[in-house]
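I opened this notebook to keep track of what I looked up, one topic at a time. The entries follow the order in which I asked my questions.

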Amino acid sequence: MLQRLLRHFPSSQKLKDNRFLKPFARYLHHHFLWQFNRQSVSGGVAIGLFFGLLLPFLQVFFAALAAIIFRVNLPVAVFSTLITNPLTFPAIYYFAYRVGNVVINTFTQQTDLATDIEQVMVQQSGMFGGWLLQLNEWLHSIGWPLVIGLFLLATSSAVVAYCCILLMWKWRVRWKWHCRRQLRLHAPDE
């Protein structure tokens with residue numbers, strides 16, 4: 001299955017020769033960006049999920065940049081950003097809003113920081129023509145819960161995906177060794 005998937009990815013040489021990617025060609029030569037091993041794939045998925053969930057725009061750019069910086073699989077990182085697409089976007093953002101809302105309600109019940117910030121915004125709203133107050137109202141109603149929820153969702157899903165892929169990869173390798181050992185034990189002696 002992996003071989004069939006690899007046929008659809010462009011080769012590293014094709015990407016280096018692409019005229020749009022020419023300025024970045026010197027960063028695309030590292031072999032870790034193209035390897036399919038346990039660390040590289042799990043890191044690529046984690047980076048792709050993180051930026052795919054956290055950012056509503058430029059996800060692919062930031063995932064590719066992070067993949068180059070952390071030297072993980074570049075195609076996997078870019079492909080993993082597609083977790084948010086027109087079909088999944090509403091559900092993910094609604095869930096992130098709900099998570100952020102729970103966190104903010106828990107936090108504001110324990111401290112009066114929100115009212116202190118609101119008082120400062122009201123005092124400074126005259127200087128900025130009221131847009132700061134409107135921004136505060138939006139952040140209070142939808143913005144902060146959404147931002148906090150997206151950050152928590154992106155971070156937790158990246159960590160969980162990274163750990164799960166590492167464990168599944170390790171389990172698969174052990175299973176293959178177990179099957180080989182069983183074949184050797186039950187093979188007829190010649």
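The entries below go through one helix, the loops beside it, the aromatic rings and the cysteines.

**Entry 1: helix 4.** I noted first that I am working with a predicted model. I then looked up helix 4, which covers residues 59-70, and found that it has 12 residues and reaches 16 Å from its first C-alpha to its last, close to the 16 Å expected at 1.5 Å a residue. Which residues of helix 4 are buried? I listed Q59, A63, A64, A66 and A67. These residues cover an arc of only 165° around the axis, and therefore they lie on the same side of helix 4. I next checked what the buried residues pack against, and I found helix 3 (38-54) and helix 5 (74-80).

**Entry 2: the loops beside helix 4.** I looked up the backbone angles here with a general expectation in mind, namely that most residues other than glycine have a negative phi. In the loop between helix 3 and helix 4 I came to L58, and its phi is near 55°, a positive value in a residue other than glycine. Helix 4 is followed by R71, which is found in the loop between helix 4 and helix 5. I wrote down for R71 a positive phi of about 55°, although R71 is not a glycine. I also checked the exposure of R71, which is partly exposed with a relative accessible area of 47%.

**Entry 3: phenylalanine rings.** How many aromatic pairs does the structure hold? I recorded five. One of them joins F61 and F62, whose ring centres are 5.3 Å apart and whose planes stand at 70°, so I entered the pair as edge-to-face. Neither ring's residue is listed as buried in my notes: F61 is partly exposed, with a relative accessible area of 44%, and F62 counts as partly exposed at 31% relative accessibility. I then followed the ring pairs further and found that they link F50, F51, F61 and F62 into a cluster.

**Entry 4: tryptophan rings.** I turned to W171 and W175, whose ring centres are 6.1 Å apart with their planes at 15°, so this pair is stacked. Both W171 and W175 lie in helix 8 (residues 131-186), and they are four residues apart, which is about one turn of the helix. Are these two residues exposed or partly exposed? I found that W171 is exposed, with a relative accessible area of 58%, whereas W175 counts as partly exposed at 46% relative accessibility. I added a further tryptophan to this entry, since R180 lies over the face of W177, at 5.1 Å from the ring centre.

**Entry 5: cysteines.** How many disulfides does the structure hold? I counted zero, and I wanted to know why. The sulfur of C163 is 7.0 Å from the closest cysteine sulfur, which belongs to C164, and this is too far for a bond, because a disulfide needs the two sulfur atoms within 2.5 Å. I made the check from the other side as well, and for the sulfur of C164 the closest cysteine sulfur is that of C163, at 7.0 Å, again too far for a bond. I closed the entry with the exposure of the two residues: C163 is partly exposed, with a relative accessible area of 38%, and C164 is partly exposed, with a relative accessible area of 37%.

Conventions. Residues numbered from 1 in each chain as written. Predicted model: local features only at pLDDT ≥ 70, side-chain atom pairs only at ≥ 80, totals over all residues. Heavy atoms only, no water. Buried < 20%, exposed > 50% of the residue type's maximum accessible area, 1.4 Å probe, protein only. Helix = DSSP H or I, 4+ residues; strand = E, 2+ residues; numbered from the N terminus. Expected span 1.5 Å × (residues − 1). Arc of directions from axis to C-beta. Contact = heavy atoms within 4.5 Å. Phe/Tyr/Trp six-rings, centres within 6.5 Å; stacked < 30°, edge-to-face > 60°. Lys NZ or Arg CZ within 6 Å of the ring centre and 35° of its normal.
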